[in-house]
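The report that follows takes up strand pairing, a loop residue, the ligand site and the cysteines in turn.

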Amino acid sequence: MYYDDRTEVFLDGEWVKAKDAKVSLFAQTLHYGTGVFDGLRSYNNGNGFNIFKPHVHFQRLKDSAEKVFLNVPYSVEDLTKIAYELIDRNNLTNAYIRPLVFAGPNMILAPSKESHFFMTAWKWAKYPGFEPLNTMISSYLKPSPKSTPVEAKIIGNYSANTLASAEAKKLGFDEAILLDHDGHISEGPGSNIFYEKDGELFTPKLGNILPGITRSTIMEICDELGVKVTEKDITPEEFYKADHAFFCGTATEITHISSVNGEKFKKKWDDSIGHNLLEVYQQKVMFDEYRGLTIV
Ligand code: PMP
């Protein structure tokens with residue numbers, strides 16, 4: 001699904017076949033989760049392809065790596081070039097790009113001296129879960145920022161998210177919503193969250209969430225469209241009373257949430273602000289940034 005015999009990946013400065021790429025079973029990341037990743041999208045725009053906000057994603061990757069004492073020996077510009085070459089080499093246009101920074105062999109709980117860098121991509125037309133999502137509030141909490149830097153995409157942070165998603169599916173829901181350690185709505189397992197109430201949007205404030213690039217793009221679009229967005233602490237009770245809600249993220253784009261814990265939101269998706277935003281977002285990701293000239 002993610003690669004075939006012809007897939008080329010970038011590993012530690014070289015282009016290699018995915019099937020021949022090797023990694024140590026003693027890599028610290030594999031044992032303790034001390035690695036970081038990011039996720040970008042490339043879009044076919046009818047005139048080639050466009051990678052959306054690569055500079056912002058790669059800066060986040062470098063900042064995340066620093067938090068776990070790993071080094072990325074490439075500039076944001078280098079990483080952007082590698083990403084474009086990756087898509088070209090694999091004859092992709094609509095794709096998901098996955099850079100990963102991981103530690104070398106190290107079985108002790110101390111920073112690793114060796115960092116590795118890997119980038120791959122696979123075909124991605126639409127997120128499989130594009131249907132309206134029935135969600136539940138998870139019994140798993142988003143890790144506290146006092147336990148781990150939640151603003152970084154650290155691999156280990158994703159165990160809570162994976163458990164939350166598994167719990168939701170086991171109980172017959174499509175997806176989970178995690179609360180933070182104060183009991184406020186934080187985010188989905190792989191996306192940020194917004195809700196609509198009386199023609200305005202609300203989203204959890206920064207601090208206990210991943211500062212999503214899609215989240216900030218949505219806020220930029222809302223600014224352009226004159227839609228008011230408030231960042232604040234959101235209780236589950238406020239969320240239940242929303243007119244509508246949606247997840248957002250690089251992979252999911254804008255995905256509508258139709259219910260939470262069995263409570264259906266009253267507004268139809270087609271009439272919601274989220275639906276309008278999705279149309280603008282889909283234009284923006286294809287055209288507003290240009291090869292090698294990303295303005296952030
Ligand atoms: N929260 C979490 C936990 C995520 O994994 C993601 C996906 N990266 C997001 C939010 C959305 O972030 P972005 O819009 O930058 O993809």
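In this predicted model, β8 pairs in the parallel sense with strand β9 (residues 175–179) over four bridges, where two strands are said to pair if DSSP finds at least two bridges between them, and where helices (H or I, at least four residues) and strands (E, at least two) are DSSP runs numbered from the N terminus. Within this pairing, M136 has A176 in β9 as its bridge partner. Strand β8, which spans residues 133–141, also pairs in the parallel sense with strand β15 (residues 253–260), here over three bridges, and T135 has V260 in β15 as its bridge partner.

Because the model is predicted, local features need pLDDT of at least 70 and side-chain atom pairs count only at pLDDT 80 or more, whereas totals for chains, interfaces and linings use all residues. Residues are numbered from 1 along each chain as its sequence is written, and side-chain values use heavy atoms, with hydrogens and water left out.

**Antiparallel pairing and the loop**

Strand β7 (residues 115–123) runs antiparallel to strand β1 (residues 8–11), to which two bridges join it, and L11 stands opposite F118 in β7. Strand β6 (residues 95–103) is likewise antiparallel to β7, with nine bridges between them, and R98 stands opposite T120 of β7.

The loop between β6 and β7 contains S112, which is buried at a relative accessible area of 9% (buried means under 20% relative accessible area, exposed over 50%, and partly exposed in between, with a 1.4 Å probe and protein chains only). The side chain of S112 makes a polar contact of 2.9 Å with the side chain of Q28, and another of 2.9 Å with the side chain of N106. A polar contact is a pair of N or O atoms within 3.5 Å; within protein, one must be able to donate a hydrogen and the other to accept it, and residues adjacent in sequence count only if both atoms are side-chain atoms.

Helix α3 (residues 76–89) contains D78, which is partly exposed at 32% relative accessibility. The C-alpha atoms of D78 and F117 are separated by 13 Å, the two residues being 39 apart along the chain.

**The ligand site**

Around the ligand there are 16 residues, of which K153, Y158, I213, T214 and T250 come nearest; a residue is near a molecule if one of its heavy atoms lies within 4 Å of it. Three polar distances to the ligand are set out below.

| Ligand atom | Protein partner | Distance |
|---|---|---|
| nitrogen | N or O atom in the side chain of E187 | 2.9 Å |
| oxygen | polar backbone atom of I213 | 2.8 Å |
| oxygen | N or O atom in the side chain of T250 | 2.6 Å |

The protein covers 95% of the 390 Å² of accessible area that the ligand has on its own. The elements giving two or more residues to the shell around the ligand are α4 (158–170), α5 (213–225) and β14 (244–249).

**Cysteines**

How many disulfides does the model contain? The count comes to zero, a disulfide being a pair of cysteine sulfur atoms within 2.5 Å. C222 is in no disulfide, and its nearest cysteine sulfur, that of C248, is 10 Å away. C222 counts as buried at 1% relative accessibility, and C248 also counts as buried, at 1%.

Notes:
Accessible areas come from the Shrake-Rupley method with a 1.4 Å probe; for residues, only the protein chains shown count as cover.
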